[in-house]
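Me: I am in my first year and would like a close look at a single part of this protein, namely its aromatic rings and what lies around them. Please take me through it slowly.

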Amino acid sequence: MAEADIAFAAAAGAAGLALAVSAWAFRLRRETAARLDAALVSHEALTRQASAGISAVAAFDEVRLGLQPGEPPILLGSDPAVAAARAVLAGDRDGTDALVLSEALHTRHGEAIDRLLAEGAPFRARDPASGWTVEGRTDGGVAWLRLTERSEAVASPGDPGLGAGLIAEASPSPAWVLDGEGGLVWANRAWLAETGCVTLDEARERQASFDRGADQLAAEAGRIGTRQEGFRWTPGEGRRRAWKIMAEPIAGAGGPVLVFALDMTEAEETRDTLRRHVEAHDETLNHLADAVAIFGPSRRLAFHNTAFQALFGLDAAWLDERPTHAELLDRLRQRRMLPEVVDYASWKTRELDFYGAAEAAPDESWSLPDGRTLRVVRQPHPLGGVLLLFSDITGELNLRSRFNAQLQVQTATLDKLNDAVAVFGSDGRLRLHNEAFESFWNLSAETLRDAGDFDAVAELCKAALPDAALWLGLKARVADPDPESRVAVSGEGRTLDGRTAAWQTRPLPDGATLVAFSDVTARRELEQALAQREAALKESQALKREFVGSVSYELRTPLTTIVGYSELLETLGDLPERSRQHAGAIRIAAGQLAASIDDVLDMAQIDAGEMELSLGDVRIKDLFAEAAGRHLGRIEGRGASFRAEVPADLPILRGDARRLGQAVDHLLDNAARSISEGGVVTLKAEANASEIRIRVEDTGRGIPYHLQAHVFDRFVKRERGGPGVGLALVKALVELHGGWAEVESEPGKGAAFILHLPLEADGVAAAPELALG
């Protein structure tokens, strides 16, 4: 899988995870909101019911008394009704109205009240003396006594006053009543438990308060006579708890206020958790490289990450205004960041139709006018609306195009190779091969494709090269992951049809292995022929040296005789002058021939690597003086002049004086042949830090440009005459000293030969025993 595909899969997975978290958070938030709404509705119903119950009791001339074992009695009713009941039933007893009435009724109807408390058995009794009727029933664990002045009064099971009081008392949420001065009038058991009080009297005595802020909210409700709501945090049970406070005036402005506290801790914690999840979800999406936009059910932008803004270059403030999907498309069209279409209205309609889709739409590619290509993913959002994912795949497409082109070039290149090439993966399967591989083993592409792995391919190739050890070794290079086995190896084998096959392996960076075979039959035959020819050449060179030596020896003997007799003839006194000149000419010619033979022998010795230099200190001034003595007469005899220039501070040269003098002689002899009357031959030397340059100049006819590159070649005909060995010998002698020779010439203006000699002769060129010094 390509790196771009892996990055896209990771981005899609992260987006899926973010969507799942968003769906879970939305579901949790919706459930919490539903529970909160239900609690509020229930609270409002309870409040209304409690208010209605209290108002219903107060609206009629009746008194209700609630009894619970171990708890103070609850007294409900209007003040006139309570005062009338106390006056009739209790007389002048001391104590609170509730306690006095409770004791009086227990005195009159103790047995019925005890059975009501113990067994919940309802009863109805009439007091003939007072004319009051007492009716007893239980509700919510409280024994209620209803006192009416009419003998025909009957308590209804659905009495709202009794039900509201019971509900308020049994409610798990704290509820209490404050008078117009802020004093505690009544509180249920939940309120007492939250404040740590046992009885209402204890709460009044301690001036206990559920929350000062809630009391202030109740005071405000009593002052203006309208319901007030608020939110408070209180410490309790080792953690902070959240409460929704609702204060409901009972009798208008300035009257008592009924206060309820609904526990919202779980809802607030859920809301906080949801908020953190939403923030984490947004942060995750903001870190994605792909652009994400979420449109809600109203088709307005609900969320976008920073990559979305950067991708289209949109203004952040405009996006914060939550534009609609249609407005976003229009803005992008104005900025030329949508595909160019003929009918934009129809295209826009189809784009907005995705809100009604039940499943994700297929991926689509947008080709933008600026040359970018975007991959667009659309899918329904779990909370309603549409989620859009934009990926800039321009680089990916370019990379894929370049990769495909490179792959095609590689395949075409392999097919054009003469070598048979096959690539096996790390799993041993055949990845690719070229046409030469098919031809080399006489196999078809279908056969190789069906073979698949290395073992099957090797079985096919063994028909031509049945070398089991070879194929076993190749398999070790292909299939063995050990680094010691993944090394390049090579070898040769002989096929059944007589070909010589050379093979080699190369480990590739991706774990694959390249195996190449080539037919080297012709190469090996050529190498064998070249080896035979080299042996014959060495033999011929040995014969040549032997021939040159023999010929030179055979030539030197008669030349010595000729030179000797010519010198003898020149000394005879009675020899005519003309004959004496002829004898001198014979002597000079014999000497030149002997010198030429010496040059040929020296060249043969240098070619054979047998010439050894006799190194010593060479003073160039002495070398020039000896050379001038040998050539001055000849140069002046041609009507020319000779100059030798040697600097006084010229360093001593380490070299072979005899061979250097031989080289200078050849250059001066060459200059003397080319000089004419009135000309000048100059021999001079100059030095630098590493070498001495000997320069021989003449003002003769010069050397044509086309011959200058070959002036140091041997046995080449030259216009300047000579056997064609002298200048070649000069070059060879200088190179023996580790130097080199060059020529500078302009036709018609003379020539200059320069010898570059190192101050110390090259030890490699010198004889071993001399090189030690």
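Reply: What follows is a walk through the aromatic rings, with a hairpin and a lysine added towards the end. Please keep in mind that this is a predicted model, and that the values below are computed from it.

The structure holds 19 aromatic pairs, and two of them can serve as worked examples. A pair of aromatic rings is described by the distance of the centres and the angle of the planes. In the pair of Trp176 and Phe210, the ring centres are 5.3 Å apart and the planes stand at 35°, so this pair is called tilted, an angle under 30 degrees being needed for stacked and one over 60 for edge-to-face. This pair links distant parts of the chain, since Trp176 belongs to strand β6 (residues 175–178), whereas Phe210 is found in the loop between α6 (200–206) and α7 (212–224), and 34 residues separate the two. Trp176 has a relative accessible area of 1% and is therefore buried, and Phe210, at 12% relative accessibility, counts as buried too, because the limit for that word is under 20%.

The second example is the pair of Phe231 and Trp233, whose centres lie 5.9 Å apart and whose planes meet at 75°, so that this pair is edge-to-face. Here Phe231 counts as partly exposed at 36% relative accessibility, and Trp233 is likewise partly exposed, with a relative accessible area of 34%.

Rings can also gather in a group: Phe424, Phe437, Phe440, Trp441, Phe454, Trp471 and Phe517 form one aromatic cluster. One of these rings, that of Phe440, has the charged end of Arg499 sitting over it, 4.7 Å from the ring centre. Elsewhere, the charged end of Arg331 sits over the ring of Trp318, at 4.0 Å from the centre of that ring.

The numbering of Arg499 leads us to a hairpin, in which strand β18 (residues 490–494) pairs with strand β19 (residues 500–507) in the antiparallel sense over five bridges. Arg494 has Thr500, in β19, as its bridge partner. Five residues lie between the strands of this hairpin, and Gly498 takes a positive phi near 90° there.

Finally, a charged residue in another strand: Lys244 lies in β9 (residues 239–249), and at 17% relative accessibility Lys244 counts as buried. Beyond its neighbours within four places in sequence, Lys244 is in contact with Leu40, Glu229, Gly230, Phe260, Ala261, Leu262 and Met264.

Definitions and conventions. Residues are numbered from 1 along each chain as its sequence is written. This is a predicted model: local features need pLDDT of at least 70, side-chain atom pairs count only at pLDDT 80 or more; totals for chains, interfaces and linings use all residues. Side-chain values use heavy atoms; hydrogens and water are left out. Two strands pair if DSSP finds at least two bridges between them. Helices (H or I, at least four residues) and strands (E, at least two) are DSSP runs, numbered from the N terminus. Buried means under 20% relative accessible area, exposed over 50%, partly exposed in between (1.4 Å probe, protein chains only). Contact means heavy atoms within 4.5 Å. Rings of Phe, Tyr and Trp (its six-membered ring) pair if their centres lie within 6.5 Å; planes under 30 degrees apart count as stacked, over 60 as edge-to-face and the rest as tilted. A charge sits over a ring if NZ of Lys or CZ of Arg is within 6 Å of the ring centre and within 35 degrees of the ring normal.
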